[in-house]
Each structure stands twice: as structure tokens, then as C-alpha cells.
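Biologist: I am a first-year student, and I would love a close look at one part of this protein. Could you walk me through it slowly, and then show me what lies around it?

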Amino acid sequence: MKKTLVALAMGAALSCSNLPAEDNSLTIAKGNARWWHNAVCYEVYIRSFNDSKGTGIGDLKGIENKLDYLKNLGVDVIWITPFYPSPGVDMGYDISDYKNVDPKFGQLKDFDSLVKSAHAKGIKILVDMVFSHTSDEHQWFIEARKSKDNPYHDFYVWYPPKADGSAPNDWKSWFSGSAWEYNKPTNEYYLHIFAKQQPALNWKTTKVREELFSVAKFWLDKGADGIRFDVITLNALPDINQSSDLWGKMPMALIYLKMMNDKVLSEYDILTVGEMPGVDPENAYEFVGEKEGPLKTLFQLDIMGLGNDGDKFHPTPYSLVAFKKIYQNWYNGLYGKGWISAVLDNHDQARAVSRWGNDKDYWKPSAKMLATFLLTQWGVPYVFQGDEIGMTNCPFTPAEFKDVEEINYYKEKIAEGKTEAELLPGILARCRDNARTPMQWSSAKNAGFTSADTPWIKVNPNYKTINVEAELKDPDSILNYYKKMISLRKANPAFVYGTVNIIDFNNENVYAYSREYEGKEFLVVCNFRGTHTDFDTKTADLRKAKLLIHNYSSNPHINDSKISLKPFEAMIFEVK
Ligand code: TEU
């Protein structure tokens with residue numbers, strides 16, 4: 001007798017189930033192979049990828065025109081960020097119509113054409129579903145805010161003001177300020193975890209779930225091969241008298257996801273990946289476990305919390321041991337039970353080579369080191385557009401900011417008396433616009449991204465030297481290194497299914513590990529620092545091992561099991 005969904009999920013959500021030993025073979029047993037296990041994914045931030053119409057903004061046809069480039073790189077799956085109708089307050093993560101294409105990105109038929117062309121080239125498509133909030137210009141919200149008895153009112157989260165008229169509690173938006181906005185017609189506040197133009201949806205309302213499940217089905221029936229779910233654990237929110245620390249941690253989140261899987265997702269052979277704040281290595285199995293997880297994989301973004309003092313725009317040095325602990329904990333929590341994804345950045349973060357590498361003195365070796373790390377990780381790797389050519393952070397002035405997160409933060413801090421000189425270094429180091437500058441295709445005007453005079457956001461001035469066209473021609477380019485790394489990963493199941501054994505865990509400079517599977521063993525050595533350092537791989541005489549790839553042209557300095565590593569030097573050995 002199948003347990004009721006609630007009992008099943010509640011039990012699962014609240015327990016930290018440890019599978020019996022025999023299930024640990026579940027994931028790596030070839031018989032359970034899924035098409036996406038050995039996939040290399042690529043995030044396309046559509047606004048900045050390729051403009052086919054001369055509007056200054058990237059579009060669906062622009063992506064279709066670059067499928068051969070992506071195929072040649074070795075990409076199997078592309079995740080496309082939202083292209084639905086949106087006022088663009090949060091660059092498309094504020095959706096006003098879930099079942100259409102915003103005219104600036106094209107039409108529904110352009111999506112159909114992209115899917116058909118991608119499938120013909122063996123590339124699959126993930127769409128991005130933003131189900132925890134809509135735009136305030138969505139018809140649902142336009143109706144909902146009119147009156148308390150409007151049929152759409154309970155699609156959102158409303159609370160009355162306090163006696164003095166102030167907000168119901170002190171919850172803060174992730175984009176600065178209060179998480180509450182006053183609505184005069186109903187004399188209530190509505191909740192917005194992000195911008196005030198992004199009212200939070202109320203998943204307690206059955207009709208909300210039914211509408212959203214129908215949206216997922218709509219795009220899957222149009223041929224999407226999977227879904228990236230935006231902050232999907234924010235579908236269940238604490239009550240007014242609870243702390244916002246519980247955002248993403250409410251047991252109902254899992255229940256709602258199991259409902260969506262039962263009603264829609266389980267009907268398709270798809271890849272799903274959840275951005276799931278609040279899910280941790282201990283309970284991740286409930287969400288993405290192979291046996292009962294409602295989703296297939298999750299984005300582990302814990303490393304993005306490193307290197308700041310609790311304020312994203314206050315960058316500090318980070319500990320590589322802390323970085324390793326994060327990866328190790330997720331491996332311990334999920335390996336052999338479920339799946340994870342590996343990312344070093346995305347459209348919400350600073351550029352990987354600028355944050356984790358060194359885009360000044362060691363731009364090329366550090367970008368290649370990061371590629372070596374990312375593409376030898378356990379979990380589905382996501383290459384973020386432009387990282388494959390070593391795109392870097394961009395020097396913006398406050399007037400050039402486009403992203404609501406840094407604009408709100410800057411305004412709030414200036415109002416508190418901070419100066420531009422105090423704020424700019426930290427914002428420039430971490431702002432999301434760094435990841436959103438136009439893809440640098442060539443040294444032509446606007447980096448070949450658009451024929452328009454002015455793209456929607458500043459082009460990074462270094463496009464003259466950092467661009468696809470130049471790097472295709474250079475055998476030693478970052479781009480050609482990514483191609484080799486992707487090919488190496490796909491040729492060796494150990495990088496997909498293998499165990500991970502970190503060597504000298506407490507070394508603060510070098511991240512080295514072995515990947516073992518079915519008798520094969522590979523040793524990956526990555527110097528994450530811009531300094532020379534000696535490292536003992538504790539491996540039998542490396543001179544007898546086969547060097548598969550190396551990010552410097554000179555031979556590595558090896559002495560038995562020891563290596564004298566150059567700044568950001570990386571290499572992979574086939575040990576057996
Ligand atoms: O991001 C959620 C999220 O966690 C980000 O707000 C991130 O933590 C922050 O930007 C880091 O500084 C998703 C989308 O990826 C993001 O682009 C949207 O702005 C957000 O949700 C709201 O939809």
C-alpha cells in the first residue's frame with residue numbers, strides 16, 4: 001500500500017535517511033546509466049549570447065546560429081535562461097507570461113526551430129522555470145492585488161500591516177530592503193524575496209500548483225529535454241512569526257516537488273536540476289536521490305558563500321580547505337545515492353577566472369586550471385558561457401550597472417553614507433553584471449555579439465584579445481584546452497562515475513584528487529594559488545604515469561611522487 005504523499009515526504013523530509021550499503025552501487029552501476037550522466041552542460045545567458053536581429057539583445061535565433069560552435073566545443077546540453085515575456089526588472093526572472101516567448105527574444109516558432117536544430121545536432125535543451133514568484137505585471141498579480149476576494153488573490157502571499165501600518169515582520173529581500181511591499185487597494189503587504197516587482201507565489205493554493213505544473217508540461221511537450229528550477233525550494237515559506245532563515249528549509253518544499261514529479265516530470269526522460277537554497281548534503285538525497293528524489297540533480301552553490309564576510313560585496317581571501325570541505329560534504333551526502341552538478345560560476349556570480357583564478361598575471365594558466373578542476377568533478381559539469389574563452393570581470397561605473405541586485409545594494413549603501421570609492425571595489429569584484437557582458441565572438445565591433453550600435457550592456461573592453469575567433473586559431477588557447485578537457489572527460493567513465501579521494505586535504509594551495517572506477521585511476525593536481533609550491537601526490541613514481549593534459553607548455557617538475565608546481569599549474573595523470 002503506497003504511503004500517502006504527505007506521510008512519505010514528511011517522513012523523508014525530516015529524516016536523514018542513510019541508504020543501506022547495497023544502494024551505494026545504485027548510481028555507478030552501468031545498468032542505471034541515464035543519458036545525462038556523462039553530459040557536459042553549457043549555460044546560455046540568452047540576453048548576452050548572440051543577437052541575430054540587430055536589437056542589441058541576444059535571442060533564440062542567435063543561439064540556433066551558434067549550435068555548431070557549441071557542438072564543436074563538445075557541449076551535450078544547453079540551459080537557456082528565461083526568454084519568456086518579462087518587464088526585465090530581474091533580466092527575465094520576473095515573468096509575466098509563462099507560456100510564450102518575449103518578442104525581444106523571438107517567437108514560439110523560434111523556440112521550436114531551435115529545439116529541432118539542436119536535436120538534429122545531438123544537443124539537448126533545458127528551459128529555466130521560475131516558479132517561486134512572477135512579475136508584478138503577470139495577469140495573475142494584476143488581478144490578485146485588486147481585492148481580497150479576487151479569485152487570484154490567494155495566488156500570492158499577503159499579510160495585514162502591523163497596528164502602526166508597518167510591514168508584517170522584519171524579513172529582508174535578497175535584493176536589499178524589506179521583503180514586503182504595501183498594496184493600498186487591499187490594505188495588505190505582499191511578500192517578495194527578490195525585487196518588489198517579483199511577488200512570491202503561494203504554493204499552498206492548489207490552483208497555483210496546477211497552473212505551474214501545466215507550464216512545465218507545456219515546454220516539455222514542445223520538446224525541452226529538461227528543466228532548471230529557479231530557487232525552487234522557496235515554493236514553501238515559513239509563517240509570519242518564523243525566521244527568514246527558514247527560507248528554503250520548509251518540509252512542504254519536498255512535498256510540492258513530489259507532487260510536480262508525480263503529475264508531470266516523471267512522465268518524461270528528462271534532466272532536471274534544482275537551485276535549492278536550504279537543501280544540504282544531509283538531506284539532499286530526499287530531493288535528488290536516484291530512488292525517490294523528485295528531481296534528478298541540484299546545483300551545489302555553497303562555494304559562492306566563500307570569500308566574503310557575510311556580505312557578497314565584501315570580498316575577502318577564501319580558504320581552499322573550506323572549498324574542499326564543501327565538495328567533500330556533498331560527495332559524502334550524495335555519491336552513489338543521487339546526483340549533483342558542478343559549477344564554478346553562473347549568471348549570478350563573478351567570472352570564475354577573476355574570482356578563483358587570476359585574470360591579470362596568470363589569466364591563461366588559471367583559466368585552464370579551473371577547466372581541469374571543473375571537468376574532472378563528480379557531478380554534471382556546467383560550463384558558463386564565455387568561461388571557455390576565459391572571459392573576465394568587467395570594469396563598470398555605477399552608471400553602467402544593469403543588475404537590480406547591485407543597483408539596490410549601491411543605492412542602499414550610499415543612502416547609509418557609504419561613498420562610491422568605498423563601495424565600488426567590492427561591487428566590481430562580485431557583481432552579477434560581470435557574468436552578463438556580451439559573449440565575445442570576435443574583435444569586431446561589439447565583439448561580434450550584435451550589429452546594433454549599442455548592446456543592452458557594456459562589452460568588456462578586453463574583447464579585442466579575448467574572443468572566440470582568436471582562440472579558435474590558437475592551439476594553446478583556453479578554448480582549445482576546454483575542448484580537450486571535455487573530450488577527456490567523455491572518454492573516461494571514471495570522471496563520471498568514479499570515486500573521489502582528495503590527497504593532502506589540509507593543503508591550502510593545492511587541490512589534488514584521484515578518480516577511480518573499474519580498475520582505472522586518474523590523478524588530478526590543481527594549484528589554486530598564484531605561487532610556486534611543492535606538492536607530494538603520495539603516488540608511486542609519477543614518472544611512470546601517463547601525463548594526459550597539462551596547462552603549461554614546459555614539462556612538469558616531477559621527482560618521484562613530488563611535483564614542484566608553478567602558479568595555477570594543473571595536470572592529469574593516468575596512474576592505472
Ligand atoms: O538566483 C537565486 C539566488 O540565489 C541569487 O539571487 C543569488 O544568490 C544571488 O544573486 C547571489 O548574489 C535565481 C536566479 O539565478 C537569479 O538570476 C534571480 O535573480 C533569482 O533567482 C530570482 O529569480
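Let us begin with one pair of strands: how many bridges join β12 to strand β13?

Modeller: Happy to help! Please keep in mind that this is a predicted model. Strand β12 is joined to strand β13, which covers residues 510-517, by 5 bridges, and the two strands run antiparallel. If you want to find one place where they face each other, look for V500, which stands opposite R515 in β13.

Now let us step back to the sheet that holds this pair. It is an open sheet of 5 strands, and if you walk across it you meet β12, β13, β14, β19 and β16 in that order. The pairing in this sheet is antiparallel. At its edges are β12, residues 499-503, and β16, residues 546-550, and each of these edge strands pairs on one side only. As you go from one strand to the next, the twist averages 20 degrees.

Two helices lie against this sheet. Helix α11 packs on it and touches β13, β14 (520-527) and β19 (570-574). The direction of α11 makes about 145 degrees with that of β14. Helix α15 packs on the sheet as well, where it touches β16 and β19. Its direction makes about 135 degrees with that of β16. You can see that β19 is touched by α11 and also by α15.

How do these two helices sit against each other? Helix α11 spans residues 363-374 and helix α15 spans residues 478-491; their axes come within 10 Å and cross at roughly 15 degrees. An angle under 35 degrees counts as roughly parallel, so that is how α11 and α15 are described. The crossing of α11 past α15 is right-handed. On the α11 side, the contact is made by W363, K364, A367, K368, A371, T372 and L374. On the α15 side, the partners are I478, Y481, Y482, M485 and R489. Sorted by class, this contact has 8 nonpolar residues, 1 polar residue and 3 charged residues.

For a contrast, try another pair of helices. Helix α12, residues 404-415, packs against helix α13, residues 420-430, at an angle of about 155 degrees, and their axes are 10 Å apart. An angle over 145 degrees counts as roughly antiparallel, so α12 and α13 are placed in that class. Here too you will find a right-handed crossing, as α12 passes α13. The residues E406, Y409, Y410, K413 and I414 of α12 meet E420, L423 and I427 of α13. By class, the α12 contact with α13 has 5 nonpolar and 3 charged residues, with no polar ones.

There is also an open sheet of 3 strands, in the order β15-β18-β17, again with antiparallel pairing. Its edge strands are β15 (533-536) and β17 (557-559), and each pairs on one side only. Neighbouring strands of this sheet are turned by 20 degrees against each other on average, with direction ignored. Between β15 and strand β18, residues 562-565, there are 4 bridges, and D534 stands opposite S564 in β18.

Finally, look at a hairpin. Strand β5 (residues 180-183) and strand β6 (residues 188-191) run antiparallel and are joined by 4 bridges. One of the facing pairs is N183 with its bridge partner E188 in β6. The hairpin has 4 residues between its strands, and N187 in the turn has a positive phi of about 50 degrees.

To place all this along the chain, note that it is divided into domain 1, residues 139-191, and domain 2, residues 500-574. Taken over C-alpha atoms, the centres of domain 1 and domain 2 are separated by 55 Å.

Definitions and conventions. Residues numbered from 1 in each chain as written. Predicted model: local features only at pLDDT ≥ 70, side-chain atom pairs only at ≥ 80, totals over all residues. Heavy atoms only, no water. Domains from an automatic or database assignment. Axes fitted to C-alpha atoms, helices over the stretch in contact; angles between N-to-C directions. Parallel < 35°, antiparallel > 145°, perpendicular 65-115°, else oblique. Left-handed = near helix turned anticlockwise from the far one by under 90°. Contact = heavy atoms within 4.5 Å. Nonpolar A, V, L, I, M, F, W, Y, C, P; charged D, E, K, R; others polar. Pairing = 2+ DSSP bridges.
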